[in-house]
Amino acid sequence: MSAPTLSTSSMPVKPPQHDGPPPVARREILVRNLRRNLSAHGFLIGAVLCFAFFSWYPMVREFLLAFQKNAAGRTTWVGLDNLDYVFHDPAFWQAWRNTLLFTGLALVLGFLVPFVIAIVINEFRHAQGYLRLLVYLPVMLPPVASVLLFKYFYDPGYGLFNGILHFLHLPEQQWLQSTSTSMLSVVIASTWMNMGGATLIYLAALQGIPGELYEAAELDGAGILRKIWHVTVPQTRLILSLLLLMQIIATMQVFTEPFLLTNGAGPEGSTTTVVYLIYQYAFNFNNYGAAAALGLVLLVLLAGFSAAYVRLSRDSES
Amino acid sequence: MAERTLISPAQLGRPRGKAVYWGVLTLVLLLFTLVFLGPLYWMVTGGLKTAQEIAQSPPTAFPKSLHPDNYSKAWHVMQLSKLLLNTLYYAFGALVFQLVLDVAAAYSLSKLRPVLGKVILGMMLATLMIPATVLVVPQYLTVLDMPVFQRNLLNSPWVIWLPSVTNAFNIFLLKRFFDSIPRELLDAASIDGASPLRTLRSVVLPISRPILGVVSIFAIVGVWKDFLWPMLTLPDPNKQTLNVGIYSLAQGVPENWLIAALAMASAPTLIIFLIFQRNIMSGLTAGSLKG
């Protein structure tokens with residue numbers, strides 16, 4: 001911590017007793033500093049109040065709620081009861097299995113596909129702008145529009161996807177209606193909706209790779225795949241790892257897509273995610289304690305990823 | 001263009017290379033158009049079909065007969081004008097609040113350097129570490145009965161506007177941009193007798209246009225795309241956003257009307273995107289690389 005208030009003034013706040021400035025000047029400096037600080041805090045106050053009410057206070061409250069019970073308007077301290085309740089709820093383990101399945105599938109699709117697409121687009125000398133535009137288009141749709149659209153595509157009776165499978169003489173699927181395909185269907189829709197941002201970031205990173213590296217690799221006789229593995233991937237490693245962390249953090253909090261596509265639960269609860277379970281505890285069962293306790297579990301699990309993300313992005317700046 | 005990429009120019013220059021390049025490009029163009037534009041085409045034309053045609057198997061690629069009145073019916077029945085206006089009201093309100101309060105905060109933290117400024121910045125950035133969905137429940141309980149003010153913010157625009165200010169990422173982006181503005185520029189203004197507010201307005205803001213653009217896009221798109229928070233905090237159907245309103249009305253409307261409604265709900269952001277796509281996409285990549 002430096003003393004920021006002194007940054008513009010070369011004079012020390014507490015000058016030595018013998019040959020300091022006269023007392024009047026000292027008071028003047030003090031007044032000036034005070035005024036500077038007052039106006040600086042004046043600029044800050046609006047945002048700080050918003051943070052206090054809508055971020056910091058709820059953060060504290062999340063911790064308190066997790067160890068409290070609220071019944072008949074009275075709040076009682078119940079220690080670890082909420083956590084105990086959550087851990088013994090069979091839905092807890094199913095929600096975690098589903099969420100991890102979603103995250104795993106989303107990493108295969110949502111993490112790899114944009115990278116491959118970015119590499120492909122980057123190779124073209126024509127129509128790059130159009131392809132970039134296409135990939136980003138779905139990101140601009142309101143989520144309810146893309147999700148309800150996909151709901152029609154997935155319809156086993158008259159949906160477009162089964163129409164295509166039928167046309168190709170492939171077996172038709174139940175999509176959202178079957179436990180074996182419901183989560184995959186949610187991930188496909190979610191990837192289509194969200195991959196534009198990652199693709200653009202990869203494209204920007206790819207454009208920063210010096211061409212000489214590829215030339216050098218060619219002299220060593222490297223083919224396309226080896227060039228990707230030995231040049232492209234290492235050169236974009238930082239962005240790749242940042243986006244990987246971001247994807248993990250985001251996908252483990254997935255709510256909107258399964259909620260809209262399958263009303264949250266899906267066949268036999270096969271698309272119930274952790275955040276949907278939090279939602280259910282809080283807003284269907286009015287059990288805020290259980291919701292907060294489950295939230296705390298999620299928070300602890302994601303804290304490590306968040307910390308790694310913040311550290312990595314700080315490193316990327318310097 | 002100047003930089004070479006994965007495949008060498010020599011390889012592309014050969015007749016065989018050229019043929020493969022154009023072949024692959026055509027294939028990719030077709031595939032991408034089908035995958036990313038196809039659903040939009042289906043949405044727009046689906047809204048023109050009759051209810052029977054929508055529920056027909058296999059689905060038709062072209063409407064057999066056009067029914068544009070589906071659009072006007074959906075517009076009235078689902079009260080899309082109201083939902084659209086609500087969403088615009090929330091989005092631009094959130095934009096104003098974020099621009100005023102977050103810019104002021106970032107300016108103060110970057111240039112005015114108040115006592116405890118670093119602690120405050122640290123506490124703001126700490127909120128990035130907490131998964132957003134974890135905070136939804138305690139945030140909901142907070143707006144239900146605001147501390148100090150003892151007010152219930154449910155169904156009021158404040159419930160969207162004020163929490164949108166707590167965007168540590170935007171403050172961080174703005175602060176980093178302000179940090180790059182040379183000290184001497186501001187010192188010159190202050191020697192001329194300009195107050196901090198005056199300096200912000202006539203020196204800092206004019207050179208900060210690019211970053212203000214990025215933050216504005218984030219602010220508007222954030223409100224436009226949010227679903228869970230407005231669903232919880234705006235239960236009154238007259239106050240709902242497009243996302244929530246269409247979702248809650250989706251069950252009781254014929255399918256062809258609903259699809260027409262989806263097309264209309266998508267149109268505003270798509271049009272804005274097509275107009276400003278160059279700025280939006282360059283801003284997004286510039287802004288989102290460093291988190």
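Biologist: How many residues apart are Trp158(B) and Trp161(B) in helix H8 of chain B?

Modeller: They are 3 residues apart, about one helical turn. Helix H8 of chain B covers residues 158–165. Keep in mind that this is a predicted model.

Biologist: Which accessibility class does each Trp fall in, buried or partly exposed?

Modeller: Trp158(B) is partly exposed, at 35% relative accessible area. Trp161(B) has 9% relative accessibility, so it counts as buried. The cut-off for buried is under 20%.

Biologist: OK, aromatics in general. How many aromatic pairs are there over all chains?

Modeller: The whole structure holds 43 aromatic pairs. One of them joins Tyr21(B) and Trp22(B). That pair is edge-to-face, with 5.4 Å between the centres and 85° between the planes.

Biologist: Is Tyr21(B) buried or exposed?

Modeller: Tyr21(B) is buried, at 10% relative accessibility. Trp22(B) is partly exposed, at 43%.

Biologist: Back to the H8 tryptophans. Why is the pair Trp158(B) and Trp161(B) called edge-to-face?

Modeller: Their planes sit at 80°, so the pair is edge-to-face. Planes over 60 degrees apart get that label. The ring centres of Trp158(B) and Trp161(B) are 5.5 Å apart.

Biologist: Which residues form the aromatic cluster with Trp42(B)?

Modeller: From chain A come Phe150(A), Tyr152(A), Phe153(A), Tyr154(A), Phe161(A), Trp175(A) and Trp192(A). Together with Trp42(B) they form one cluster.

Biologist: Switching to charges. How many salt bridges over all chains?

Modeller: The count is 5. One of them pairs Lys227(A) with Glu218(A), at 2.7 Å from N to O.

Biologist: Is Lys227(A) buried or exposed?

Modeller: Lys227(A) is buried, with 3% relative accessibility. Its partner Glu218(A) is partly exposed, at 24%.

Biologist: What about chain B? What does Lys73(B) form a salt bridge with?

Modeller: Its partner is Asp69(B), with the closest N and O atoms 3.0 Å apart. Both residues lie in helix H4 of chain B, residues 69–77. They are 4 residues apart, about one turn of the helix. Lys73(B) is partly exposed at 37%, and Asp69(B) is partly exposed at 33%.

Biologist: And Arg183(B) and Asp187(B), which helix are they in?

Modeller: They lie in helix H10 of chain B, residues 183–191. The spacing is 4 residues, about one turn. Their side chains meet in a salt bridge at 3.7 Å, N to O. A salt bridge needs the two atoms within 4 Å, so this one counts. Arg183(B) is partly exposed at 33%. Asp187(B) is partly exposed too, at 29%.

Biologist: Now pockets. How much space lies in the largest pocket?

Modeller: About 1,100 Å³. Its lining has 30 residues.

Biologist: Which of those lie nearest the centre?

Modeller: Leu160(A), Phe161(A), Ile164(A), Leu34(B) and Val35(B). Phe161(A) also belongs to the aromatic cluster.

Biologist: Which helices supply at least two residues of the lining?

Modeller: In chain A, they are H3 (90–123), H5 (143–154), H6 (160–167) and H7 (182–206). In chain B it is H2 (15–46). The largest share, 9 residues, comes from H2(B).

Biologist: How many of the lining residues are nonpolar, polar and charged?

Modeller: The split is 25 nonpolar and 5 polar, with no charged residues.

Note on methods:
Residues numbered from 1 in each chain as written. Chains lettered and ligands numbered in written order. Predicted model: local features only at pLDDT ≥ 70, side-chain atom pairs only at ≥ 80, totals over all residues. Heavy atoms only, no water. Buried < 20%, exposed > 50% of the residue type's maximum accessible area, 1.4 Å probe, protein only. Phe/Tyr/Trp six-rings, centres within 6.5 Å; stacked < 30°, edge-to-face > 60°. 1 Å grid on protein atoms, 1.4 Å probe; cavity = no way out; pocket = protein on both sides within 12 Å on 5 of 7 lines; lining within 4 Å. Points joined across faces, edges and corners; volume = space filled by probe spheres on them. Nonpolar A, V, L, I, M, F, W, Y, C, P; charged D, E, K, R; others polar.
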